[in-house]
Amino acid sequence: MLSLSSAVLLLVACGSVPFDYPRDESSALSVDHDTALGRLSHEWHTDNAGHNGFFGLSGGAEALGARLRMMEVAERSIDAQYFIIKRDRAGGLFAGKMLSAADRGVRVRLLIDDIFSPGVDHPLSVLSSHPNIEVRLFNPVSRKGFKWSNFLFDFKRANRRMHNKSFTVDNTMSIVGGRNIGEEYFELNQGVKFDDYEVLTIGPVVEDISAGFDAYWNSELSVPIEAFGETTTAEELDEWRDWIAGHIKGAQDGIYAKAVNSKLLVNIREGRAKPVIAKATLVTDSPEKLTGATGDASLATLAVEIGRRFREAEREIIIVTPYFIPQDSGAKIIEDILSKGVRVIIVTNSLASTNHVPVHSRYRGYRKRLLKAGAEIYEIRADDVGGENEWGGQPEMITLHSKATVIDRSTIFVGSLNFDPRSIVINTEMGLFIESEDTGAAFTEIVLKSLEETSYRVELDDGGKLRWVYGRGADQEIVYSEPLASAGRKAMVNLYRLLPIESQL
């Protein structure tokens, strides 16, 4: 039993989040047509009125390189919103390029969710000490006492997180998708290949992305990093400048060089890669989703919109998601869609490939139900690493982290949302609906073709037992237990099944 003094300390810690810390509201800067990106944006709007341009970012090097190059050409502003930023090489390059841009007079606003970015308070405070950089933490927990104790004792509020991910430069170009800022998300972690996907976009939808960022930046839940009292010195900014210079100047084969000279970026620079031209709609949850009642459908803007589009599908839905827990309500929606003759394909992680075993412990309970209703389910083969990655490494396993959906081969959704209770009910999310029959059809064919090589097809045999099938014809591999999963993982998934945690996954 807690002593009275311990209880008082905990209560003080829970109530000491400085939400009232002074802050100024700010908005995205208008596009300046005298800047390089401003001129490019003006030309784009003139030539492609009402349409956007998209480049898919599937490789880790090109995704990191795109961000670094965008910051190098920024002249007005950088707005970045992420669930996680890590204190590693990718995080260092990303933040360092922000510092370099700020030194040129660029206004930088960095908004980070507070929970899963360990050890970053001080480096973020150093960044924010620059007169052109502001850093805010979203829905933070108290720093008095132990952070995780504060999280647990303020669970009802602190459990609600901002999962949005966007990156915008000069209010002219944006990146939206599933990546956080850390080595694994750009495949720099050589042991595991994170299969992820984003889009780089130019066009009218960028203004909507900026408006979405502003809503979170100016939210009452957005707290300046200075509120937590970290002490920094001017010398620390100089040390960071030196670190960045050492990783960029004269580096022909380092991380920076490989990122900015990745195949896609070279092809864009030399005019060989052309953007997809399409109309698009940004849908984002409001920050108020985190202050309203958990499960309030009126605040789950993105989930409701996806549900509406699913119900209107006429032919086919392909769901690519790392974490799939439909719950009873989602399973019923899929059953209703299948009953109308719409094909539903679900692509997700296997037990061997997932990086969240607890999620798999609940997902597995829906497989038979959905298969019986007619859904097609594919699970990623963990050892399909595809040879060397862009950095020259050889990963040992792959894990799916992409969040993409195709509806009727004409609408592609790319964003931050997973098909699980946490994304749909608890956290805030965002994403783009890209409308293009040509691109939707091509994207669908790429996904369907890759499934034969990268995934096990989950089936029910004649006796109603689950089996995993890999390959076609005489070369089929058929197994009746979670393929490639270790005994330890199988034991863990059985343990997690006993815990009442589905609503939190």
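**Close-up 1. Thr 301 and its contacts from farther along the chain.** In this predicted model, Thr 301 is in contact with Val 283, Thr 284 and Asp 285, leaving aside neighbours within four places in sequence. Thr 301 belongs to helix α12, which covers residues 301-312. Its relative accessibility is 35%, so Thr 301 counts as partly exposed. Thr 454 lies 153 residues away from Thr 301 in sequence. In space, the C-alpha atoms of Thr 301 and Thr 454 are 33 Å apart.

**Close-up 2. Phe 433 in strand β17.** Strand β17 spans residues 430-435 and contains Phe 433. Phe 433 has a relative accessible area of 1%; values under 20% count as buried, so Phe 433 is buried. Residues up to four places away in sequence are not counted in the contacts that follow. Phe 433 touches Lys 279, Ala 280, Thr 281 and Val 283. It also touches Leu 302, Glu 305, Ile 306 and Arg 309. Thr 411, Ile 412 and Phe 413 complete the list. Ala 280 is 153 residues from Phe 433 along the chain, yet their C-alpha atoms are separated by 5.4 Å.

**Close-up 3. The largest nonpolar core.** This core holds 60 residues. Ile 78, Phe 94, Leu 110, Leu 127 and Phe 167 touch the most other members. Helix α4, residues 89-103, gives the most to the core, with 8 residues. In soluble globular proteins, nonpolar side chains tend to be buried together.

**Close-up 4. The surroundings of Phe 167.** Again, residues up to four places away in sequence are not counted. Phe 167 touches Ile 78 and Phe 94; these two are also among the core residues that touch the most other members. Its other contacts include Arg 67, Met 70, Met 71, Asp 79, Ala 80 and Tyr 82. Met 173, Ser 174 and Ile 175 touch Phe 167 as well.

**Close-up 5. A second, separate core.** This one has 34 residues. Among them are Val 283, Ile 325, Phe 413 and Leu 417. Val 283 and Phe 413 are also touched by Phe 433, and Val 283 is in contact with Thr 301.

**Close-up 6. Helices α5 and α9 packed together.** Helix α5 covers residues 121-128, and helix α9 covers residues 234-248. Their axes are 9 Å apart and meet at an angle of about 95 degrees. Angles of 65 to 115 degrees count as roughly perpendicular, so α5 and α9 are roughly perpendicular to each other. From α5, the contact uses His 122, Pro 123, Val 126 and Leu 127. From α9, it uses Glu 236, Leu 237 and Trp 240. The residues of this contact divide into 5 nonpolar, 1 polar and 1 charged.

Methods:
Residues numbered from 1 in each chain as written. Predicted model: local features only at pLDDT ≥ 70, side-chain atom pairs only at ≥ 80, totals over all residues. Heavy atoms only, no water. Axes fitted to C-alpha atoms, helices over the stretch in contact; angles between N-to-C directions. Helix = DSSP H or I, 4+ residues; strand = E, 2+ residues; numbered from the N terminus. Parallel < 35°, antiparallel > 145°, perpendicular 65-115°, else oblique. Contact = heavy atoms within 4.5 Å. Nonpolar A, V, L, I, M, F, W, Y, C, P; charged D, E, K, R; others polar. Buried < 20%, exposed > 50% of the residue type's maximum accessible area, 1.4 Å probe, protein only. Core = buried A, V, L, I, M, F, W, Y, C linked by side-chain atoms within 4.5 Å.
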